[in-house]
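I opened this model to look up a handful of residues and then the overall form. My entries follow in the order in which I made them.

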Amino acid sequence: MTPRRVLALFVVAYTTWVLLTWTMTKEQLLVGAACSIVVAIACAPLGEVAAPWKVLDPRRFVRLVATAGWALGRIVAANVELSRRIWSPRRPIRPGMVIVPTTMESDGELTAVGLVTSLIVDNQLVDVDRRRHQLLYHTVWVDSEDPEENRHHINGPVEDRVGAISRP
């Protein structure tokens with residue numbers, strides 16, 4: 001348990017506290033700090049932690065903002081398309097399950113890809129097979145049964161962006 005790990009966990013826990021409570025009274029901030037330090041000390045022995053201040057690296061920050069903008073655009077487009085499918089009964093759907101390969105290896109990368117791809121409502125991550133490097137998705141429209149082609153449409157673009165952020 002290193003002080004750096006405790007500090008990183010404290011920053012994440014305290015930021016989460018402030019965002020969730022959204023109250024800036026002195027008492028609320030002090031209780032949040034106390035809870036955050038307890039959580040940080042309790043979680044520090046569990047393993048390595050990504051330092052939250054790494055996002056301040058200019059190259060990483062620019063890539064993160066660009067990825068957030070790209071994801072927001074995909075989220076809006078997918079929601080509009082899904083709304084059109086719902087309100088226009090003649091538009092067909094071909095839902096199904098697809099297995100796609102992944103190049104992501106770390107827990108953080110897999111989590112980021114799973115969260116971002118699931119926010120884009122066309123596809124919802126169902127399962128991760130780390131041993132085989134595969135992701136299982138439920139999808140609204142199955143274009144192909146080819147895993148590489150599905151990767152190109154579902155998780156590939158997200159993995160490219162997450163990889164550029166995590167490995168600057």
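**A44.** I looked up A44 and found it in the loop between α2 (26-43) and α3 (58-87). Helices here are DSSP runs of H or I with at least four residues, strands are E runs of at least two, and both are numbered from the N terminus. A44 has a relative accessible area of 0% and is buried. For that word I use under 20% relative accessible area, with exposed over 50% and partly exposed in between (1.4 Å probe, protein chains only). I listed the contacts of A44 outside its neighbours within four places in sequence: M1, R5, V6 and L9. Contact means heavy atoms within 4.5 Å. I also took the C-alpha separation of A44 and D107, which is 17 Å for 63 residues along the chain.

**Basis.** I note that this is a predicted model, in which local features need pLDDT of at least 70 and side-chain atom pairs count only at pLDDT 80 or more, while totals for chains, interfaces and linings use all residues. Residues are numbered from 1 along each chain as its sequence is written, and side-chain values use heavy atoms, with hydrogens and water left out.

**Cysteines.** I checked for disulfides (cysteine sulfur atoms paired within 2.5 Å) and the structure holds zero. A disulfide is a covalent bond between the sulfur atoms of two cysteines. For C35, the closest cysteine sulfur is in C43, 13 Å away, which is too far for a bond. From the side of C43 the closest cysteine sulfur is that of C35, again at 13 Å and too far for a bond. C35 is partly exposed at a relative accessible area of 35%, and C43 is partly exposed at 30%.

**T117.** I placed T117 in helix α4 (residues 107-119). T117 is buried, with a relative accessible area of 2%. What does T117 contact, leaving aside its neighbours within four places in sequence? I get N123, Y137, I154, N155 and V158. I then paired T117 with R74: they are 43 residues apart in sequence, and their C-alpha atoms are 9.5 Å apart in space.

**I99.** I found I99 in strand β1 (residues 96-101). Its relative accessibility is 46%, which counts as partly exposed. Not counting residues up to four places away in sequence, I99 touches Q134, L135, L136 and P147. For one of these, L136, I took the C-alpha separation from I99: 4.6 Å, with the two positions 37 residues apart along the chain.

**Positive phi.** I looked for backbone angles of note. Most residues other than glycine have a negative phi. Which value does phi of W22 take? It is near 55°, a positive value in a residue other than glycine. W22 lies in the loop between α1 (3-21) and α2, and at 67% relative accessibility it counts as exposed. Phi of H133 is likewise positive, near 55°. I located H133 in the loop between β2 (123-129) and β3 (134-139). H133 counts as partly exposed, at 35% relative accessibility.

**R63.** I found R63 in helix α3, where it counts as partly exposed at 30% relative accessibility. R63 and Y137 are 74 residues apart in sequence and 26 Å apart in space, C-alpha to C-alpha.

**Whole chain.** I counted six helices and three strands, in the order α-α-α-β-α-β-β-α-α from the N terminus on. The radius of gyration is 19 Å, well over the 15 Å that the globule rule gives for 168 residues, so the protein is more spread out than a compact globule. I took that radius over C-alpha atoms, and the rule is 2.2 Å times the number of residues to the power 0.38. Along the principal axes, the C-alpha atoms fill a box of roughly 55 × 35 × 30 Å.

**Burial and contacts.** Of the 168 residues, 27% count as buried. Among contacts between residues at least 6 apart in sequence, 69% join residues at least 24 apart.

**Surface and charge.** The protein exposes about 10,900 Å², with 65% of it supplied by carbon and sulfur atoms; the areas come from the Shrake-Rupley method with a 1.4 Å probe. I noted 19 positive and 17 negative side chains, and the centres of the two sets lie 5 Å apart. Lys and Arg count as positive and Asp and Glu as negative, without His or the chain ends.

Definitions and conventions. The place of a charge is taken as NZ of Lys, CZ of Arg, CG of Asp or CD of Glu.
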